[in-house]
Amino acid sequence: MFAGTRAQAVNADLRGQMQNIIEFQDVSKSFGSLQVLDDLNMHVVPGEKLALIGPSGSGKTTILRILMTLEDISAGEILLDGEPLWHEMRGGKRVRASEHHLRKMRDGVGMVFQQFNLFPHLTATENIEQPQVLTHRKSKAAAREKAAEMLSVVGLVDKRDHYPHQLSGGQQQRVAIARALAMDPKIMLFDEVTSALDPELVEEVLNVLRKLAEETDTTMLTVTHEMNFARDFADRVLFFEKGKIVEAGSPEDIFTNPKEERTRSFLRKFL
Ligand code: ADP
């Protein structure tokens with residue numbers, strides 16, 4: 001997984017030929033009377049690294065939560081590798097996905113949240129081992145080996161036997177990233193993973209994500225307010241407002257030559 005160079009999957013030629021790993025087709029989502037996603041269409045090719053940016057409340061986190069099956073959708077369809085996430089066929093009929101179906105689909109998706117949510121009574125290694133053993137029924141030895149590999153990826157081999165309270169916030173978040181990666185997801189979701197950190201700890205976490213973007217072919221979506229990071233990380237940047245994509249393009253397109261006035265006015269706040 002970590003041997004390859006950055007997937008060059010994103011040039012326009014290949015985009016036409018590859019099956020999308022994620023496809024949102026006319027997806028809407030409401031919470032009561034509040035419409036959060038509005039007829040959203042979004043396609044992601046395997047290996048692509050996406051940054052989702054935009055004002056608070058524009059629906060970015062909801063997109064990740066829907067992919068993680070933490071929220072359902074009000075209308076539309078989402079395909080993962082061509083297979084509907086929120087629907088399935090039963091007895092020749094298209095019905096809402098069962099918990100069994102959702103669990104199967106969720107298995108290919110990993111998410112890292114703002115809060116690291118490590119188990120306080122487990123060491124860094126044990127935190128990474130446990131989901132592999134419980135969910136993937138791996139042997140303890142295999143899970144331990146994978147944990148060691150992932151701790152090396154996030155630069156924390158020397159902290160492997162530390163408990164969360166013995167780690168800084170940045171280190172805890174790097175353990176949480178290692179824990180998600182250890183499940184070998186095809187899609188990784190990062191939801192403002194540095195927003196709960198003290199400013200001096202932000203860069204160490206972002207550098208881990210920059211390295212992952214460079215060295216792995218896993219498909220990655222990140223919601224972020226760190227524009228310099230988005231520029232380094234992403235193959236494609238999506239600017240959201242009110243549950244719609246206002247503008248999408250390469251980091252150069254979005255940060256240097258934004259076409260839409262709404263994108264320009266949003267980005268001015270970060271200058
Ligand atoms: P963003 O990530 O772009 O800041 P979110 O996807 O978190 O936006 O939220 C979009 C809107 O949906 C916000 O107005 C938020 O308050 C609302 N929202 C999110 N989750 C819920 C929920 N579980 N119940 C009600 N409203 C929600």
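**Whole chain**

Start with the protein chain in cartoon representation: its secondary structure comes to 10 helices and 12 strands. The radius of gyration is 19 Å, close to the 18 Å that the globule rule gives for 271 residues, so the chain is as compact as a globular protein of that length. This is a predicted model. Aligned to the principal axes, the C-alpha atoms fill a box of roughly 55 × 50 × 40 Å.

Colour by burial next. Of the 271 residues, 40% count as buried. If you draw a contact map, take the contacts between residues at least 6 apart in sequence: 66% of them join residues at least 24 apart.

**Residues 22-267**

Select residues 22-267. An unreviewed UniProt entry places the feature "domain: ABC transporter" on this span. The span is 38% helix and 28% strand, and its end C-alpha atoms lie 27 Å apart.

**The open sheet**

Now select S1, S2, S4 and S5. What is the order of the four strands in this open sheet? The order is S2-S1-S4-S5, and the pairing is antiparallel. The edge strands, each pairing on one side only, are S2 (34-44) and S5 (83-84).

Go through the pairs in sheet order:

- S1 (residues 22-31) runs antiparallel to S2, and seven bridges join them.
- S1 also runs antiparallel to S4 (residues 75-80), with five bridges between the two.
- S4 and S5 are antiparallel as well, joined by two bridges.

To follow one path across the sheet, pick Glu23. On the S2 side, Glu23 stands opposite His43. In S4, the bridge partner of Glu23 is Leu79. Move to Leu79 and continue outward: its bridge partner in S5 is Pro84. Showing His43, Glu23, Leu79 and Pro84 as sticks marks this path through the bridge partners.

Stay at the S4 and S5 end. These two strands form a hairpin with two residues between them. Select Asp81 in the turn, which has a positive phi of about 50°.

**Two more positive phi angles**

Most residues other than glycine have a negative phi. Two further residues are worth a stop on a Ramachandran plot.

Select Asp39, which is found in strand S2. Asp39 is not a glycine, yet has a positive phi of about 50°. Is Asp39 buried, exposed or partly exposed? Asp39 counts as partly exposed, because it has 14 C-beta neighbours inside 10 Å, and a buried residue needs 20 or more.

Then jump to Lys242, in the loop between strand S11 (236-241) and strand S12 (244-249). Lys242 is not a glycine either, and its phi is positive at about 50°. With 15 other C-beta atoms within 10 Å, Lys242 is partly exposed.

**Strand S3**

Select S3 (residues 49-53). Five of its five residues are buried, so S3 is largely enclosed by the rest of the structure. Turn on the side chains to see which way they point. Lys49, Ala51 and Ile53 point one way from S3, while Leu50 and Leu52 point the other way. The buried residues on S3 include the lysine, Lys49.

Add the pairing partners of S3 to the selection. Strand S10 (residues 219-223) pairs with S3 in the parallel sense over four bridges. Here Met220 in S10 is the bridge partner of Lys49. S11 also pairs with S3 in the parallel sense, over four bridges. Leu50 stands opposite Arg236 in S11.

**The ligand shell**

Finish at the ligand. Which residues surround the ligand? Select Phe31, Leu34, Val36, Gly54, Ser56, Gly57, Ser58, Gly59, Lys60, Thr61, Thr62 and Val223. Two elements give two or more residues to this shell: S2 and helix H2 (60-67). The largest share comes from H2, which gives three residues.

Colour the shell by residue class. The shell has four nonpolar, seven polar and one charged residues.

Some shell residues lead back to earlier stops. Leu34 and Val36 fall within S2 (34-44), an edge strand of the open sheet. Phe31 falls within S1 (residues 22-31). Val223 falls within S10 (residues 219-223), the strand that pairs with S3 in the parallel sense.

How values were computed: Residues numbered from 1 in each chain as written. Predicted model: local features only at pLDDT ≥ 70, side-chain atom pairs only at ≥ 80, totals over all residues. Pairing = 2+ DSSP bridges. Near = placed C-beta within 6 Å. Nonpolar A, V, L, I, M, F, W, Y, C, P; charged D, E, K, R; others polar. Buried ≥ 20, exposed ≤ 12 C-beta atoms within 10 Å, placed from the backbone. Rg over C-alpha atoms; globule rule 2.2 N^0.38 Å. Contact = placed C-beta atoms within 7 Å. UniProt positions renumbered as here; feature names shortened; annotations may be inferred.
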